[in-house]
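Trainee: Got a minute to go through this one with me?
Mentor: Sure, let's pull it up.

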Amino acid sequence: MEPLFATSQTEALVPRIREFVLTELVPLETTEHLTGNFSTVARILDQKRELVRKAGLWGLQHSVGEGGLGLSLCEFGQVSEVLAWSPFGHYAFNCQAPDIGNMELLHRHASAILREHYLEPLKEGHIRSCFSMTEPEFAGSNPTRLGTTAERDGDSWVINGHKWFTSSADGAAFAIVMAVTNPAAAPHRRASMLLVPTDTPGFELVRNISIMGDPSDHWGSHAEVRYTDVRVPLGNLIGDEGAGFTLAQERLGPGRIHHCMRWIGISERCLDLMCRRAATRELEEGVMLGEKQFVQGWIAESRAQIDAARLMVLRTAHNIDQRGAAAVRDQISEIKFFVADVMLTVIDRAIQTYGAMGITDDIVLPWYYRHERGARIYDGADEVHKTALARSILKGYGLDTRKSKPISNRRDA
Ligand SMILES: Cc1cc2nc3c(=O)[nH]c(=O)nc-3n(C[C@H](O)[C@H](O)[C@H](O)COP(=O)(O)OP(=O)(O)OC[C@H]3O[C@@H](n4cnc5c(N)ncnc54)[C@H](O)[C@@H]3O)c2cc1C
């Protein structure tokens, strides 16, 4: 834990959650659970969820008014790091993506009826949800371009479209779908968010996409979905018509803190595994792997990079708590690409330290390698965040890059 940002809440919670993760969840990391369908381990995790409730640790992310512990984003970030010590931590505590983002969205912007029917059971862990925005035919990096439409017809919206990477759609009770409701509006006002129960006629889960050899199922999957004449009541609109893009941005601000702190937890876990191996793997009699300077370099660099990353993320979380996400957009971009890179570098070093064993499913490292490579792509690809940050910096030097023309159009070309 980072003492600079510790509070009485985190000092009380973090050791208890760490103990729970180490004793109840880390032992579940068997080859069967790390490679098979997620539904196999989900059955056991349901029992762990009961233990979480009994321990009074359910609903960590909710405000006191919502029956939660009222943690700030900065406090929740510190808890999230500890949960990430196991691939099953966030799920066991019901604060896993995409549900955590959907809970926040429904809490702030859904009607009382939608909140009663969908938010309450979601908070209780009785149902799961998914978020359906990205489409195979359009570059997800430009979310203003979407092919999915929702047209008013009487008292319904009629949705038609094709999505993919709708994470955790398999078994979810509802999807929050981003669809164009007014093609004539300005690009950022064209789309809206709609809640679609997955048992609505016309909702078709085409497949769970195989990711590096593993389609998984349940919460661990990423689905291709078709919406064909899907009819939902007008009241299933979330927020205002045309506000889809704004809501998506709002959902992503705290979401990036959640991801980044999870990635720091994963990095810590991998560094721990790396050090354990380095200290005990004998290269020749009496000479351990950790005595080699290459390995010492990996350990030292990993330590420094993780510490730097944690400070950056907690600073950003603290600033979001104080000033809101819009005020610290640059810091959010900065941590998104920086921390993803630190995590993937540390995972790779840990695998290298283990040699052949590092790529076996006897240990957790390949799980992280497969499941976390996407970190540099989702919630804004590295390049998008780097470009946004650099543009903002250059603006301070009087260069407005939005006015930049292609090289061939310039007079100096
Ligand atoms: C594990 C995972 C889970 C996901 N879960 C969900 C989900 O639950 N719901 C959902 O709707 N979507 C989800 N996504 C999709 C994700 O949001 C998109 O993959 C992302 O927005 C990028 O879109 P794209 O894949 O179409 O890539 P593209 O937009 O085609 O971009 C491809 C590459 O181009 C480069 N690039 C893009 N823009 C620029 C630029 N401006 N400058 C320079 N280079 C650029 C980047 O390297 C990028 O990786 C998930 C993705 C992953 C990997």
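Mentor: We'll talk through the domains, then one helix, then the ligand.

Trainee: Anything I should know before we start?
Mentor: This is a predicted model, where local features need pLDDT of at least 70, side-chain atom pairs count only at pLDDT 80 or more, and totals for chains, interfaces and linings use all residues. Residues are numbered from 1 along each chain as its sequence is written.

Trainee: OK, what does the domain assignment give for the protein chain?
Mentor: Domain 1 (3-124), domain 2 (129-238) and domain 3 (246-395). Those bounds come from an automatic or database domain assignment.

Trainee: How far apart are the C-alpha centres of domain 1 and domain 2?
Mentor: They lie 25 Å apart. In the interface, 18 residues of domain 1 are in contact with 16 residues of domain 2; contact means that the C-beta atoms, placed from the backbone, lie within 7 Å.

Trainee: And which helix supplies the largest share of the domain 1 side?
Mentor: Helix 6, with five residues. Helix 3 (38-54), helix 6 (99-109) and helix 7 (112-124) each supply at least two. Helices here are DSSP runs (H or I, at least four residues) and strands are too (E, at least two), numbered from the N terminus.

Trainee: What's the residue mix on that side of domain 1?
Mentor: 10 nonpolar, seven polar and one charged. Ala, Val, Leu, Ile, Met, Phe, Trp, Tyr, Cys and Pro count as nonpolar, Asp, Glu, Lys and Arg as charged, and the others, Gly among them, as polar.

Trainee: Switching topic: how many residues of helix 4 are buried?
Mentor: 11 of its 11, over residues 73-83. Buried means 20 or more other C-beta atoms within 10 Å of a residue's own, with C-beta atoms placed from the backbone.

Trainee: What do they pack against?
Mentor: Helix 1 (8-25), helix 5 (89-92), helix 8 (244-280) and helix 9 (293-323).

Trainee: Which residues make the contact between helix 4 and helix 9?
Mentor: Leu-73, Cys-74 and Gly-77 of helix 4 meet Val-313, Leu-314, Ala-317, His-318, Ile-320 and Asp-321 of helix 9. By type, that contact has six nonpolar, two polar and one charged.

Trainee: Last one: which residues come nearest the ligand?
Mentor: Met-133, Gly-140, Ser-141, Ser-167 and Gly-374, out of 19 around the ligand. A residue counts as near if its C-beta atom, placed from the backbone, lies within 6 Å.

Trainee: Which domains does that shell draw on?
Mentor: Domain 2 and domain 3 each give at least three residues. The shell divides into nine nonpolar, nine polar and one charged.

Key: A residue is buried if 20 or more other C-beta atoms lie within 10 Å of its own, exposed if 12 or fewer, and partly exposed in between; C-beta atoms are placed from the backbone. Two residues are in contact if their C-beta atoms, placed from the backbone, lie within 7 Å.
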